[in-house]
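User: I should like to go through this structure by way of questions, with the reasoning given for each answer. Please begin once the structure is shown.

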Amino acid sequence: MTDTTGVWMYAVTDEALAGHEIEAASGVSGEQVRTVSEGGLTAVVGTVPLEGFGEAALTRNLEDLDWLENVARAHDSVVANLSRHAPVVPLRLATVCLDDERVRALLVDHSEQFSSALSLVRGRTEWGVKAFGDRKALTRVVAESHTDESGSGSGTAYLLRRRAQLAAQDSVERDAAARADEIHDRLLRKSAAGRRGAPTDPALSGSQEWMLLNGTYLVDDERTDEFLSEVNKLGSRHPGIRLETSGPWPPYSFAGAERISP
């Protein structure tokens, strides 16, 4: 590298990559991606200008949402293409080294972490599942589940229904959380690993829906149909809750690469 360029890191794998598997990829600055290998590990990288991707430039550019979106899309495109050919540990956005020697040193310094992560994600893919609640529908469902009109006259039945509705309004968030917990637990049984994130900020998602679950799951590729079938069953089982699936994704949530820095 030179004083004017650096090395942007996309992902790390422990399998050989054929030339055609990276030649078609264009990186965050439009550069041709390439590989740097050391100690049985291979990093997929690109040479980028420090004028736009150096420390000072990144501090500025990461505040530009349009720039960030374009760069994130380009970064993910490279990682997603690689993940179709080999197990990969995706590197967090804006992991930039000064030169190839620093990339090799990073592979050596974090070899145990990379190897452990690759063992976890091999033959597996990340899926996202979000659960959204309809407050009115859930309140009605909870109220009906607590109403017992057997043997009651019409007046008494009305009072019982009204009492259940008022109680449901007070407890709907607790009941919805319990249903979300059940959904997450059942999906974990169909996954190699899973985690729950904080609900997405409506300002970022553009949706005002009530998010009950923001989950990511690492699923064996051979069990993908089984996992998606379980999502569909759970969606039907819980009136008032809508499940939304996304994926397949590279295993960003399970590779632990956010703790790796040049």
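User: Which residue forms a salt bridge with Glu226?
Analyst: In this predicted model, Glu226 is partly exposed, its relative accessible area being 35%. The partner is partly exposed as well, at 25% relative accessibility. The closest N and O atoms of the two are 2.9 Å apart, within the 4 Å allowed for a salt bridge. The residue that pairs with Glu226 is Arg223.

User: Which residues are joined into one network by salt bridges that share partners?
Analyst: A search of the whole structure finds 13 salt bridges. Shared partners join three residues into one network: Asp14, Glu15 and Arg122.

User: What is the N to O distance in the salt bridge of Arg104 and Glu101?
Analyst: Arg104 and Glu101 are three residues apart in helix H5 (residues 100–109), and therefore about one helical turn separates them. Glu101 counts as exposed at 51% relative accessibility, while Arg104 is partly exposed at 25%. Their side chains meet in a salt bridge with an N to O distance of 2.7 Å.

User: How many residues apart are Arg124 and Asp220, which also form a salt bridge?
Analyst: The closest N and O atoms of Arg124 and Asp220 are 2.6 Å apart. The pair links distant parts of the chain, with Arg124 in strand S6 (residues 124–133) and Asp220 in strand S8. Arg124 is partly exposed, with a relative accessible area of 27%. The separation of Arg124 and Asp220 along the chain is 96 residues.

User: Strand S8 also holds Thr216; is Thr216 buried or exposed?
Analyst: Thr216 lies in the strand that spans residues 210–220. Leaving aside neighbours within four places in sequence, Thr216 is in contact with several residues, including Trp127, Arg195 and Phe254. The relative accessible area of Thr216 is 16%, and the limit is 20%, so Thr216 is buried.

User: Over the face of which residue does Arg195 lie?
Analyst: Two of the contacts of Thr216 are Arg195 and Phe254. Arg195 is placed 5.4 Å from the ring centre of its partner. The ring beneath Arg195 is that of Phe254.

User: How is the aromatic pair of Trp8 and Phe53 classed?
Analyst: Four aromatic pairs are found in a search of the whole structure. In this one, the rings are 5.5 Å apart centre to centre, with 85 degrees between the planes. An angle over 60 degrees is needed for the class that applies here, so the pair of Trp8 and Phe53 is edge-to-face.

User: Why does the pair of Trp8 and Phe53 tie together parts that are apart in sequence?
Analyst: Both Trp8 and Phe53 are buried. Trp8 belongs to strand S1 (residues 5–13) and Phe53 to helix H2 (residues 50–53), so the pair ties together parts separated in sequence by 45 residues.

User: What is the angle between the planes of Phe53 and Trp67?
Analyst: Phe53 in helix H2 and Trp67 in helix H4 (residues 65–83) are 14 residues apart. Phe53 is buried with a relative accessible area of 6%, and Trp67 is buried with 19%. Their ring centres are 5.7 Å apart and the pair is tilted, the angle between the planes being 40 degrees.

User: Which residues form one aromatic cluster?
Analyst: Phe53 takes part in a pair with Trp8 and in another with Trp67. The cluster also includes Tyr10. Its members are Trp8, Tyr10, Phe53 and Trp67.

User: Within what arc do the buried residues of helix H6 fall?
Analyst: The buried residues of H6 (residues 111–121) are Phe114, Ala117, Leu118 and Val121. Seen down the helix axis, these residues line one face of H6, because they fall within an arc of 100 degrees.

User: Which exposed residues does the face of H6 turned away from the buried side carry?
Analyst: The buried residues of H6 pack against several elements, among them S1, H5 and S8. The face turned away from that side carries the exposed residues Glu112 and Ser119.

User: What is the phi of Ala94?
Analyst: Ala94 is found in the loop between strand S4 (89–90) and strand S5 (96–97). Ala94 is buried, with a relative accessible area of 17%. Although Ala94 is not a glycine, its phi is positive, at about 70 degrees.

Key: Residues numbered from 1 in each chain as written. Predicted model: local features only at pLDDT ≥ 70, side-chain atom pairs only at ≥ 80, totals over all residues. Heavy atoms only, no water. Helix = DSSP H or I, 4+ residues; strand = E, 2+ residues; numbered from the N terminus. Buried < 20%, exposed > 50% of the residue type's maximum accessible area, 1.4 Å probe, protein only. Contact = heavy atoms within 4.5 Å. Phe/Tyr/Trp six-rings, centres within 6.5 Å; stacked < 30°, edge-to-face > 60°. Lys NZ or Arg CZ within 6 Å of the ring centre and 35° of its normal. Arc of directions from axis to C-beta.
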